[in-house]
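Please open the model in a viewer and follow the stops below in order. Each stop gives a selection and then describes what is found there.

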Amino acid sequence: MSTPESCGLGTKCVQAGYEPENGGPRQVPIVQSTTFKYDTSEDMGRLFDLEAEGYFYSRLQNPTCDHVAAKICALEGGTAGMLTSSGQAANFFALFNVCQAGDHVVASSSIYGGTYNLIKVTMAKMGIESTFVSPDATDDELDAAFRPNTKVMFGESIANPALTVLDIERFARAAHAHGVPLIVDNTFPTPINLRPFEWGADIVTHSTTKYMDGHASAVGGAIVDSGNFDWMAHADRFPGLTTPDESYHGIVYAERFGQGGAFITKATSQLMRDFGSTQSPQSAYLLNLGLESLHVRMARHVENGQAVAEFLEAHPKVEKVAYPGLASSPYHELARRLMPKGGCGVVSCELTGGRETASRFMRALRLASIETHVADSRTCCLNPASSTHRQMSDEELAAAGVPAGLVRISCGLEDKEDIIADLAQALDAC
Ligand SMILES: *Cc1c(COP(=O)(O)O)cnc(C)c1O
């Protein structure tokens, strides 16, 4: 490998995951093929039995996707990784890989709306119950959320859109005390700014749609396993990993693939086989282009986010700013400990005057565009009250922690002076 473990994150962003053969293409090749050819049925049979490594059908695995997954795995410091069609698919697969009907999930309440819905509504229809805990819950409150049938704990390192910071060490301690793994969605800080495995998380997920792609070009997701969770030590709780899979010739994943390989092999050979939420090789190629500059871009997103947060905090028309980089943030100390290089470029603020002011502010923006997206090279803004949360009354919005005047600003890669000038003129106009 050209990028040994000891390489820096920047070097891994550029080079990890793919090593050209002598005379081979320098860039990761796009293997745009659904299927792969073999000389004998026996050759192919060994792949189906998971006895030999190789490709047979791109719904399960594809070389382009595997190179890019290996890069993300190297960045997170994991033992195995896989790509999925979206962040939603990544979180669903990561959770469903250890849960089934009759089981229970403990999750932070401060998470992405789509993930909240997945756990609260859709997985409930599959017979999987959930309990939500505040990211600020005390150790006793965390402890009380677990049940005998709890199989996993879930949280977001920096939550979208609340920008709360997860105390990963504390959540991991609670999960491990109950013999279950902690999954952390690390979409916002990316491994450039935070590596959850270093703080005790067991599995990391990503919406690669955000900073990893970074150019709003391809929807995608990723899962990485730390290899640190000992499934066999909790064999009764995780029969899917520790007892024979009758749908796969009686393979016991944790025995055959070990602690570092069992989780991802099961998610690929079982969940990807049956649900087919695969990432296209074209999208993986675009994702890889984004990853090559991730370390350069994240520093700029953080620089712009910090400057914008400080500008907004000092502005009379802004009531409140949520950004862990601000000394006034209740998460400032925790953020500095987990993310000494800063977190991300997303800033939330509440404008005085509520929905009407926010609406006038949004209309006056020139450089920043109105999008539901975040973590893009172009600065974009969203007022949930007039878009994603439109059906809710002001009272309902306040109860959900999304006040009517809340604006989420995703600071792009432009010059910070220009972003601030645009926000300033829009604040003047509203
Ligand atoms: C966007 C997002 C998701 C969902 O990802 P998609 O790629 O849109 O499916 C999950 N978690 C977080 C933190 C996100 O920001």
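Begin with the whole chain, shown as a C-alpha trace. For 430 residues, a compact globule would have a radius of gyration near 22 Å, and the chain of this predicted model has 22 Å, so the two agree. Along its principal axes the trace spans about 70 × 55 × 40 Å. Switch to a surface representation: the chain exposes about 17600 Å², of which carbon and sulfur atoms supply 51%. Buried residues account for 53% of the 430 residues. Among contacts with a separation of 6 or more, 72% join residues 24 or more positions apart.

Next, colour by secondary structure. The chain comprises 17 helices and 12 strands. Select the seven strands that form an open sheet with mixed pairing; their order is S1-S7-S6-S5-S4-S2-S3. Which strands stand at the edges of this sheet? They are S1 (80-84) and S3 (129-133); each has a single partner strand, so one side of each is left without a neighbour in the sheet. On average, neighbouring strands here are turned by 20 degrees against each other, direction ignored.

Within the sheet, select residues 104-108 and 150-156. These are strands S2 and S4, which run parallel and are joined by four bridges. One pair to display is His104 with Thr150, its bridge partner in S4.

Now add residues 258-275, helix H11. This helix packs on the sheet, where it touches S1, S6 (203-207) and S7 (221-225). The direction of H11 makes about 25 degrees with that of S1.

Keep H11 in view and select helix H4, residues 87-96. Two packed helices are described by the angle between their axes and the distance between the axes. For H4 and H11 the angle is about 115 degrees and the axes are 10 Å apart. Their crossing is right-handed. Show the side chains at this contact: from H4, Phe92, Phe93, Ala94 and Phe96 take part. On the H11 side they meet Phe263, Lys266, Ala267, Leu271, Met272 and Phe275.

For the last stop, select Asp143, which lies in helix H6 (residues 139-144). Is Asp143 buried or partly exposed? Its relative accessibility is 40%, and because partly exposed covers the range between under 20% (buried) and over 50% (exposed), Asp143 counts as partly exposed. Finally, draw a distance from Asp143 to Phe171: the two are 28 residues apart in sequence, and their C-alpha atoms are 9.7 Å apart in space.

Definitions and conventions:
Residues numbered from 1 in each chain as written. Predicted model: local features only at pLDDT ≥ 70, side-chain atom pairs only at ≥ 80, totals over all residues. Heavy atoms only, no water. Pairing = 2+ DSSP bridges. Helix = DSSP H or I, 4+ residues; strand = E, 2+ residues; numbered from the N terminus. Axes fitted to C-alpha atoms, helices over the stretch in contact; angles between N-to-C directions. Contact = heavy atoms within 4.5 Å. Rg over C-alpha atoms; globule rule 2.2 N^0.38 Å. Buried < 20%, exposed > 50% of the residue type's maximum accessible area, 1.4 Å probe, protein only. Areas by Shrake-Rupley, 256 points an atom, 1.4 Å probe, with all protein chains shown as cover. Left-handed = near helix turned anticlockwise from the far one by under 90°.
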